[in-house]
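Here is my note on the model you sent round. The points are numbered so that you can reply to each in turn.

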Amino acid sequence: MSAFNLNEDQQDCLQELINVAMGQASDQLARYLDTFVDLRVPSIEQVDASSLSITLNDKTLASAIVSQGFFGYEGIRGEALLVYQSQDSLQIADLLGYEPGELSEEEQLIDISSILTTTFLNVFASQIDNQMSYSAPRLLSASQNPLVEHVENLLFHWDLALKVKITYRVTDFSFNCDMILLIPESAISNIKSVLDRILEEF
């Protein structure tokens with residue numbers, strides 16, 4: 001097992017932390033948005049640079065992608081990517097209760113992305129006695145492969161990454177989007193230390 005790989009106990013612990021965070025975040029979002037929010041069971045993968053590019057290429061048909069960096073104590077950091085299809089971005093004004101013309105579509109995407117990202121990650125951080133800070137959310141340009149290009153230009157580079165994908169569904173508004181968390185290899189050992197500390201307490 002390389003220094004990057006999570007063992008079975010660590011993987012199960014991370015999965016459980018994410019599941020609990022999803023449940024609490026879903027409840028908070030439902031209260032904030034005044035509608036039921038379903039968060040699908042997440043997928044957790046350890047990917048190398050080449051397979052990460054292939055995975056992200058699958059998202060290049062998205063109509064909009066918003067990126068937001070997150071930074072916690074103990075060297076925990078990464079990038080959150082919110083991926084929207086055209087039919088989903090059209091529902092945001094109704095979902096957030098905006099009047100027609102109150103905000104541009106770009107501003108609405110930034111708003112909903114920040115809400116979804118920070119709600120989940122703040123709950124997750126509280127479970128591990130951590131606290132997150134965030135960079136300003138950024139709407140990626142509509143180039144041919146904006147997601148791949150953006151990841152390649154992040155401040156932290158990786159040969160390996162931990163990828164967590166969570167799907168949000170708001171059935172009352174026919175709204176769906178994917179949140180992809182990318183955690184670079186340099187932060188994995190820090191996460192493993194946190195997971196080991198939690199496992200020792202049980």
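**Notes on the predicted model**

1. Start with helix H7. Its buried residues are Ala 187, Ile 188, Ile 191, Lys 192, Val 194, Leu 195 and Ile 198. They lie on the same side of H7, because they cover an arc of only 165° around the axis. What do they pack against? The partners are H1, strand S4 (77-84), strand S7 (160-170) and strand S8 (175-184).

2. The length of H7 checks out. Helix H7 runs over residues 185-200, which is 16 residues. At 1.5 Å a residue the expected span is 22 Å. The end C-alpha atoms are 23 Å apart, so the two values agree.

3. Now the overall picture. This is a predicted model. The protein has seven helices and eight strands. Of its 202 residues, 48% are buried. Take the contacts between residues at least 6 apart in sequence: 73% of them join residues at least 24 apart.

4. Confidence varies along the chain. The average pLDDT is 82, and 82% of the residues score at least 70. Where is confidence lowest, and where is it highest? Helix H6 (residues 146-152) is lowest, with a mean of 64. Strand S5 (residues 133-134) is highest, at 96.

5. Helix H5 deserves the length check too. It covers residues 105-127, 23 residues in total. The expected span is 33 Å at 1.5 Å a residue, and the end C-alpha atoms sit 34 Å apart, so this helix also agrees with expectation. After H5 comes Asp 129, with a positive phi near 55°.

6. Val 123 is a useful residue to look at within H5. Its relative accessibility is 6%, so Val 123 counts as buried. It touches Ala 21, Gln 24, Ala 25 and Gln 28, leaving out residues up to four places away in sequence. Gly 23 is 100 residues from Val 123 along the chain, yet their C-alpha atoms are separated by 9.5 Å.

7. Look next at the loop between helix H1 (8-33) and strand S1 (38-39), which holds Thr 35. Asp 34 lies in this loop as well. Are these two residues buried or exposed? Thr 35 counts as buried, because its relative accessibility is 7%. Asp 34 counts as exposed, because its value is 69%. Asp 34 also has a positive phi of about 60°, although it is not a glycine.

8. Thr 35 has a polar partner. Its side chain makes a polar contact with the side chain of Asp 172, at 2.9 Å. Beyond four places in sequence, Thr 35 touches Ala 30, Leu 95, Val 170, Asp 172 and Phe 173.

9. Leu 95 is on that list of Thr 35 neighbours. Leu 95 belongs to helix H4 (residues 92-96). It is buried, because its relative accessible area is 4%, under the 20% cut-off. Outside its neighbours up to four places away, Leu 95 touches Leu 33, Thr 35, Ile 112, Val 170, Phe 173 and Phe 175. The C-alpha atoms of Leu 95 and Phe 175 are separated by 8.4 Å, with the two positions 80 residues apart along the chain.

10. One more backbone angle to inspect is at Ser 174, in the loop between S7 and S8. Ser 174 has a positive phi of about 50°, although it is not a glycine.

11. Gln 68 is a polar residue in strand S3 (residues 64-71). Buried or exposed? Gln 68 counts as buried, because its relative accessibility is 4%. What does its side chain reach? It reaches the backbone oxygen of Ser 135, at 3.1 Å. Leaving aside neighbours within four places in sequence, the contacts of Gln 68 include Glu 79, Ala 80, Ser 113, Thr 117, Tyr 134 and Pro 137.

12. Last, the cysteines. Cys 13 counts as buried, because its relative accessibility is 10%. Cys 177 is buried as well, because its relative accessible area is 3%. How many disulfides are there? With a cut-off of 2.5 Å between cysteine sulfur atoms, the count is zero.

How values were computed: Residues are numbered from 1 along each chain as its sequence is written. Side-chain values use heavy atoms; hydrogens and water are left out. Buried means under 20% relative accessible area, exposed over 50%, partly exposed in between (1.4 Å probe, protein chains only). Helices (H or I, at least four residues) and strands (E, at least two) are DSSP runs, numbered from the N terminus. The expected span of a helix is 1.5 Å times one less than its number of residues. pLDDT is the predictor's confidence in each residue, from 0 to 100. A polar contact is a pair of N or O atoms within 3.5 Å; within protein, one must be able to donate a hydrogen and the other to accept it, and residues adjacent in sequence count only if both atoms are side-chain atoms. Contact means heavy atoms within 4.5 Å. The arc is that of the directions from the helix axis to the C-beta atoms.
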